[in-house]
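Thanks for coming, everyone. Please pull up the model on your screens, and I'll walk you through it.

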Amino acid sequence: VEDVCNIDHNRRLGQGSFGTVWLATLVKGGDRVAVKELDKRKMREMAIPEAMVLAEVDFMRECGSNDKFVRLLDHIETMGIHFLILEFCDGGDLEGAAKECEGRLHEVQVARIVKPLLEGVAFLHGRKICHRDIKPANIMISGGNACSANAKVKLADFGIATRLDDGGKLLTHKVGTPAFMAPEMHLLPSRSKGYDAKVDIWAMGVVMVFLLSLEYPFTDANGRLLREQL
């Protein structure tokens, strides 16, 4: 990976259960990029198959021509690590950026943010891809902050995305972030037959409520999910 980019291990952009995102610069040209570093040992300990990483890479490549998504520039695999070299988004994620705006965002501003995201979701669903983890922390901003008219929003993190069955078979794997999961996901396995791509639309609705109120619906003051209100 040193031949492609120089990773600054003092500039952590994000942290997950088995991976870290670092700021880096390309060897050729010096452009800033984000590098998602996924530890294979930790993945094995958590029983996470490497096929999930390879699927994420494939989905990102499939969406690479669409500016509604964070671009994957390269994927480098070593004995112990998967490196995903990604487009760097200087505005950070939508969760932090929205909170930094003075006061709540106006409806016109929220519409400007949500419209391209819904276009991105439509692009995914047209290719039978269900993201399953849409939330402000997985939406990146480039070219400004959430209040800027020139800023672009981009969907990121295809770590648990999946391809829908051509025959319309429902998905039954309960994954995602609870506050953004649709009722048919929460009710699995005993009270739901499964779910389809519409769960992404539900998650987008939760994102929109957050942008308008800076609060998440269906959670209490401590951030705990109120399942009975779903």
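Start at Leu72: its bridge partner is Leu86, in strand E5. One more pair on these two strands: His75 stands opposite Leu84 in E5. In total, E4 and E5 are joined by 5 bridges and run antiparallel. The connection is a hairpin, with 3 residues taking the chain from E4 to E5. Keep in mind that this is a predicted model.

Now the other strands. E1 and E2 are also antiparallel, paired over 7 bridges. Look at Arg12: its bridge partner is Trp22, in E2. Here too there is a hairpin, and 3 residues join E1 to E2.

Next, E2 to E3. These two run antiparallel and are joined by 7 bridges. Val21 stands opposite Lys36, which is in E3. Hold on to those two residues; I'll come back to them. E2 and E3 form a hairpin as well, this one with 5 residues between the strands. In that turn, Gly29 has a positive phi of about 100 degrees.

Put the strands together. What is the order in the open sheet of 5 strands? Reading across, it is E1-E2-E3-E5-E4, with antiparallel pairing. E1 and E4 are the edge strands, and each of them pairs on one side only. E4 covers residues 72-77. From one strand to the next, the twist averages 25 degrees. A general reminder: strands in a sheet pair through backbone hydrogen bonds, parallel or antiparallel.

On to the pocket. The largest one holds about 1100 Å³ of space. Its lining counts 39 residues. Which of them lie nearest its centre? Val21, Lys36, Ala137, Asn138 and Asp157. So there are Val21 and Lys36 again, the pair that stands opposite across E2 and E3.

By composition, the lining of the largest pocket has 19 nonpolar, 11 polar and 9 charged residues. Several elements supply at least two lining residues each. Among them are strands E1 (5-15), E2 (19-26), E3 (32-39) and E5 (81-87). Helices H2 (50-62) and H3 (94-100) do so too. The largest share comes from H2, with 4 residues.

Why does this pocket lie between domain 1 and domain 2? Because both domains give residues to its lining. Domain 1 spans 5-87, and domain 2 spans 92-213.

There is a cavity as well. The count is 1, taking cavities of 30 Å³ or more. The largest cavity contains about 60 Å³ of space. Its lining is Arg132, Asp133, Ile134, Thr177, Phe180, Met181, Met185, Val199, Asp200 and Ala203. Sorted by type, that lining gives 6 nonpolar, 1 polar and 3 charged residues. Helix H6, residues 198-213, contributes the largest share, 3 residues.

Now aromatics. The structure holds 5 aromatic pairs. I'll show one of them, Phe69 with Phe158. Their ring centres are 5.9 Å apart and their planes sit at 50 degrees, so the pair counts as tilted. This pair links distant parts of the chain, 89 residues apart. Phe69 is in the loop between H2 and E4. Phe158 is in the loop between strand E8 (152-155) and strand E9 (162-163).

Last, two backbone details to check on your own screens. First detail: a cis peptide bond joins Leu188 and Pro189, with omega about 0 degrees. Pro189 lies in the loop between helix H5 (183-186) and H6. Second detail: Ala47 has phi near 55 degrees, a positive value in a residue other than glycine. Ala47 is found in the loop between helix H1 (40-45) and H2.

To recap. The open sheet has 5 strands with antiparallel pairing. The largest pocket lies between domain 1 and domain 2. The largest cavity takes its largest lining share from H6. And again, the model is predicted. Over to you for questions.

How values were computed:
Residues numbered from 1 in each chain as written. Predicted model: local features only at pLDDT ≥ 70, side-chain atom pairs only at ≥ 80, totals over all residues. Heavy atoms only, no water. 1 Å grid on protein atoms, 1.4 Å probe; cavity = no way out; pocket = protein on both sides within 12 Å on 5 of 7 lines; lining within 4 Å. Points joined across faces, edges and corners; volume = space filled by probe spheres on them. Nonpolar A, V, L, I, M, F, W, Y, C, P; charged D, E, K, R; others polar. Domains from an automatic or database assignment. Pairing = 2+ DSSP bridges. Axes fitted to C-alpha atoms, helices over the stretch in contact; angles between N-to-C directions. Phe/Tyr/Trp six-rings, centres within 6.5 Å; stacked < 30°, edge-to-face > 60°.
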